[in-house]
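The following paragraphs lead through one protein model, moving from charged pairs to a strand arrangement and then to a covered helix. The reader is invited to keep the structure in view throughout.

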Amino acid sequence: MTPPLPRTLLLGPTDLRALVEGVGLDVLMDELIQALTVALRELDESVLQVPKREGFQVAGDPRPSGTMGWMPALRRGDSLTVRVAASLPGNRGDSGLPTLVASHSVYDARTGHLVAVMDGVFATALRTGAASAVASRYLASPDSRVLGLVGCGAQAVSQLHALSRVFRLEQVLVHDVDPDAARSFVRRVAFLGLDVRPTLLPDLELRSDILCTATTVAPGAGAVISGHALRPHAHVNAVGSDQPGKAELPLALLRRSLVVPDFPAQARLEGECQQLHPDQIGPDLATVVQQPEEFEGWRERNTVFDSTGHALEDHVVTRLLLDHARRMGLGTLVSLEALGGDPLDPYSQVRTDAAGRAEPPRRATGS
């Protein structure tokens, strides 16, 4: 008997909503922070191959310019996870779409079969927040109680959520160049039950133990904070949209800080690290997680996590969401690939017989 042909699992917003309702948003974030920590601690480049992001600059005239790119992660002998994402600041103004649109695909590395396709907007928010939580756990003062958020868009929500799972936050100070975004942010994160206050930028810099910049500042527009009044132990997560020429942080802050990129080769091209000489850049996040005692003293000094996005994070969050979806029976199985028919005849899937019927699959008899 011929075995059934493999199908592709599709996970959309309805499925993810049911997944979150069944698992719980806090539990999901806690699981992801732990899974990412373990993945960084056990990272073996001979097993998991992660090249830097590739993509295109998208001319935006008359809209702001943006990027479209792809991030693959190959687990040898197992699977290939690919995130395709567009970061388009112009979406916020006139299309009603998020500034980041993404999808995740998973392939069987042994057969090439497309195993699953899922929304990447929710997954991106989760994994970027979790990455900042991991970095902050190792680099920020353990007594951090005040979080500052510069930029109150979509990414700021998961930044706050993830950090609230790692630190006992007593106050959250927020600032955005759009006052309406700062005001609406209070409503969007009300589910966390935290003291969230729109604040002037100088006050936010002065009082924050941990500060996250999550902006879509344009290339060449300059830093979004001054860095002059930061507390001596302040840790900064730079997580805004990245591209060549873009910088959220002032050079003076970077030079006096331990700058930890998620992916050095990528950060030097489009992250905060592009402002620095290579010998001014610190270890990557995996090294900090693997050798925490080496960097313990920096927890009372200025540190920066240069988060440009790492395909390892996409691999981890995609696997976590798929595991839960399969356990809960969520998603839709569809046949997308031409896997039936005669494997030696690429037209067998589309050819019909004399009666107008699709030809039945035939077993190959020779090479």
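Is Arg207 buried, partly exposed or exposed, and what is its relative accessible area? In this predicted model, Arg207 has a relative accessible area of 32% and is therefore partly exposed. Its salt-bridge partner is Asp203, with the closest N and O atoms 3.0 Å apart. Asp203 also counts as partly exposed, because its relative accessibility is 29%. Both residues belong to helix H7 (residues 201-207), where they are 4 residues apart, about one turn of the helix.

Elsewhere, salt bridges that share partners connect Arg83, Arg127, Glu313 and Asp314 in one network. Within that network, the side chains of Arg83 and Asp314 meet at 3.9 Å, N to O. Arg83 is part of strand S5 (residues 79-87) and Asp314 of helix H11 (residues 311-328), so this salt bridge ties together parts that are 231 residues apart in sequence. Arg83 and Asp314 are both buried. A further salt bridge joins the side chains of Arg197 and Asp195, at 3.0 Å from N to O. Arg197 is partly exposed, with a relative accessible area of 41%, and Asp195 is likewise partly exposed, at 29%. Over the whole structure, the search finds 18 salt bridges.

The surface also carries a nonpolar patch, formed by Phe56, Trp70 and Val84, with about 290 Å² of accessible area together. Trp70 is located in strand S4 (residues 66-75) and counts as partly exposed because its relative accessibility is 33%.

Attention now turns to strand S11 and its neighbours. Strand S11 (residues 210-213) pairs with strand S8 (residues 146-150) in the parallel sense, over 4 bridges. In this pairing, Leu147 stands opposite Ile210 of S11. S11 also pairs in the parallel sense with strand S12 (residues 235-238), again over 4 bridges, and here Leu211 stands opposite Val236 of S12. In a regular strand, side chains alternate between the two faces of the sheet. In S11, Ile210 and Cys212 point one way, whereas Leu211 and Thr213 point the other way. All four of these residues are buried.

Cys212 raises the matter of disulfides. A disulfide is a covalent bond between the sulfur atoms of two cysteines. How many disulfides does the structure hold? There are 0. The cysteine sulfur closest to that of Cys212 is in Cys152, at 11 Å, which is too far for a bond. The sulfur of Cys152, in turn, has that of Cys212 as its closest cysteine sulfur. Cys152 counts as buried because its relative accessibility is 0%, and Cys212 counts as buried at 1%.

Cys212 also leads to helix H5, through a contact with Gln159. Gln159 lies in H5 (residues 154-164) and has a relative accessible area of 0%, so Gln159 is buried. Beyond residues up to four places away in sequence, Gln159 touches Thr128, Gly129, Ser132, Leu149, Cys212, Asn237 and Val239. How many residues of H5 are buried? The helix is mostly covered, with 8 of its 11 residues buried. Among the buried residues are Gln155, Ala156 and Ser158, followed by Gln159, Leu160, His161, Ala162 and Leu163.

Definitions and conventions:
Residues are numbered from 1 along each chain as its sequence is written. This is a predicted model: local features need pLDDT of at least 70, side-chain atom pairs count only at pLDDT 80 or more; totals for chains, interfaces and linings use all residues. Side-chain values use heavy atoms; hydrogens and water are left out. Helices (H or I, at least four residues) and strands (E, at least two) are DSSP runs, numbered from the N terminus. Buried means under 20% relative accessible area, exposed over 50%, partly exposed in between (1.4 Å probe, protein chains only). Contact means heavy atoms within 4.5 Å. A disulfide is a pair of cysteine sulfur atoms within 2.5 Å. Patches are made of residues with over 30% relative accessible area and no salt bridge: like charges are joined within 9 Å, nonpolar side chains (Val, Leu, Ile, Met, Phe, Trp, Tyr) within 5 Å. Accessible areas come from the Shrake-Rupley method with a 1.4 Å probe; for residues, only the protein chains shown count as cover. A salt bridge is a side-chain nitrogen of Lys or Arg within 4 Å of a carboxyl oxygen of Asp or Glu. Two strands pair if DSSP finds at least two bridges between them.
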